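Colleague: Please take a close look at the packed interior of this chain. Start with the overall build, then work inward and back out to the surface.

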Amino acid sequence: MNAYPNISVIASLIADPTRAVFLEALLGGQALPAGELAYMAGVTPQTASNHLAKLVDGGLLVVERQGRHRYFRLAGQEIAFLIETMGSIAPPVQVRSLKQSNQLQHLSFARTCYGHLAGKLGIALCDALLREEYLLEPEADQAKDYHITEKGRQWFTSFGIDLQVKPGSRRAIARKCLDWSERRHHISGLLGEQLERRLSQLEWTRKKPGSRSVEVTDAGKKGLYEVLGISL
């Protein structure tokens, strides 16, 4: 008798193409209604409802009700980490239209990944913070988190980023997250979320409506170059 966790249950839930679309669409971190998810996957509302029920029962999604409407979101950051990691080892998508090509280009440049920044922008931020020694690579090869230096803490504070956590909290601060489009690590955890929040607050980045993709404004290109030497 196998004493290991039955990962085949979760794998079978993710393996369905329609359910995979739902999970990837929700990587942006926001809750989406069933109708919008059905439209994204190109299925009927009834088909979407059946698939969403299975994802909720399997613990991958949670549902929130507001009146007659139901909104779905990922059950937690560990689910987002799983989906993003699977994307990093999946075969490249076969581009079949100009619209799909443009969408892939935008997502690869900059996107949200459950509250933090991914794509070329996320990688550039990570590289710059390592270059400035605000972050250090973990000492152990298998360690999951970057180390924040004292120099880094001072800089993050001056930049308007709060890294304080409640005593006893087990939340990741600067987690390494493998980027599916770049095949390299960007920053998730509290630091990743605070960086996304701060850049948006400064109007250096702007989320594109109806998409996970993110635009870097002219002010953002200038600011990122001035404070971190990032050229986009």
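Modeller: The protein chain has ten helices and eleven strands. The model is predicted. Its C-alpha trace spans about 50 × 50 × 40 Å along the principal axes. A compact globule of 232 residues would have a radius of gyration near 17 Å, and the 19 Å of the protein chain agrees with that.

Next, burial and surface. Of the 232 residues, 38% count as buried. The accessible surface comes to about 13,600 Å². Carbon and sulfur atoms account for 52% of that surface. The charged side chains number 29 positive and 24 negative. The centres of these two sets lie 6 Å apart. As for contacts, take those between residues at least 6 apart in sequence: 57% of them join residues at least 24 apart.

Now the interior itself. In soluble globular proteins, nonpolar side chains tend to be buried together. Here the largest nonpolar core has 29 residues. Leu129, Phe156, Ile187 and Leu191 have the most contacts inside this core. Five elements each supply at least two of its residues: helix H7 (119–131), helix H8 (150–158), helix H9 (189–201), strand S11 (214–216) and helix H10 (218–228). H7 gives the most, with six residues.

Leucine 191 is a good place to see the packing. Setting aside neighbours within four places in sequence, leucine 191 is in contact with Leu135, Ile148, Phe156, Ile161, Leu163, Ile173 and Ala174. Phe156 in that list is also one of the residues with the most contacts inside the largest core.

Apart from this core lies another, of 22 residues. Among its members are Leu26, Ala38, Leu52 and Leu55.

Leucine 26 deserves its own look. Leucine 26 sits in the loop between helix H2 (17–25) and strand S1 (32–33). Its relative accessible area is 0%, so leucine 26 is buried. Beyond four places in sequence, leucine 26 is in contact with Leu32, Leu37, Leu61, Phe72, Arg73, Leu74 and Tyr114. Take the pair with leucine 61: the two are 35 residues apart in sequence. From C-alpha to C-alpha, leucine 26 and leucine 61 are 9.3 Å apart.

Isoleucine 79 is another buried position to inspect. Isoleucine 79 belongs to helix H5 (residues 77–89). With a relative accessible area of 9%, isoleucine 79 falls under the 20% limit and is therefore buried. Not counting residues up to four places away in sequence, isoleucine 79 touches Gly59, Leu60 and Leu74. Leu74 is also a contact of leucine 26. Alanine 124 is 45 residues from isoleucine 79 along the chain. The C-alpha atoms of isoleucine 79 and alanine 124 are separated by 24 Å.

Threonine 112 lies in strand S4 (residues 111–113). Threonine 112 has a relative accessible area of 5%, so this threonine is buried. What does threonine 112 touch, not counting residues up to four places away in sequence? The list is Leu27, Gly28, Glu196, Lys207, Arg212 and Val214. Glu196 falls within H9 (189–201) and Val214 within S11 (214–216).

Now back out to the surface. Lysine 166 lies in the loop between H8 and S8. Its relative accessible area is 70%, over the 50% limit, so lysine 166 is exposed. Leucine 52, from the 22-residue core, is 114 residues away from lysine 166 along the chain. The C-alpha atoms of lysine 166 and leucine 52 are separated by 34 Å.

Two loop residues stand out for their backbone. Arginine 183 is in the loop between strand S8 (175–178) and strand S9 (185–188). Phi of arginine 183 is near 60°, a positive value in a residue other than glycine. Is arginine 183 buried, partly exposed or exposed? Arginine 183 has 41% relative accessibility, so it counts as partly exposed.

Glutamate 203 is the other. Glutamate 203 is found in the loop between H9 and strand S10 (205–207). Its phi is positive, about 65°, although glutamate 203 is not a glycine. At 59% relative accessibility, glutamate 203 counts as exposed.

To recap the interior: there is a 29-residue core to which H7 gives the most, and apart from it a core of 22 residues that includes Leu26.

Note on methods. Residues numbered from 1 in each chain as written. Predicted model: local features only at pLDDT ≥ 70, side-chain atom pairs only at ≥ 80, totals over all residues. Heavy atoms only, no water. Helix = DSSP H or I, 4+ residues; strand = E, 2+ residues; numbered from the N terminus. Rg over C-alpha atoms; globule rule 2.2 N^0.38 Å. Buried < 20%, exposed > 50% of the residue type's maximum accessible area, 1.4 Å probe, protein only. Contact = heavy atoms within 4.5 Å. Areas by Shrake-Rupley, 256 points an atom, 1.4 Å probe, with all protein chains shown as cover. Lys, Arg positive; Asp, Glu negative; His and termini not counted. Charge placed at Lys NZ, Arg CZ, Asp CG, Glu CD. Core = buried A, V, L, I, M, F, W, Y, C linked by side-chain atoms within 4.5 Å.
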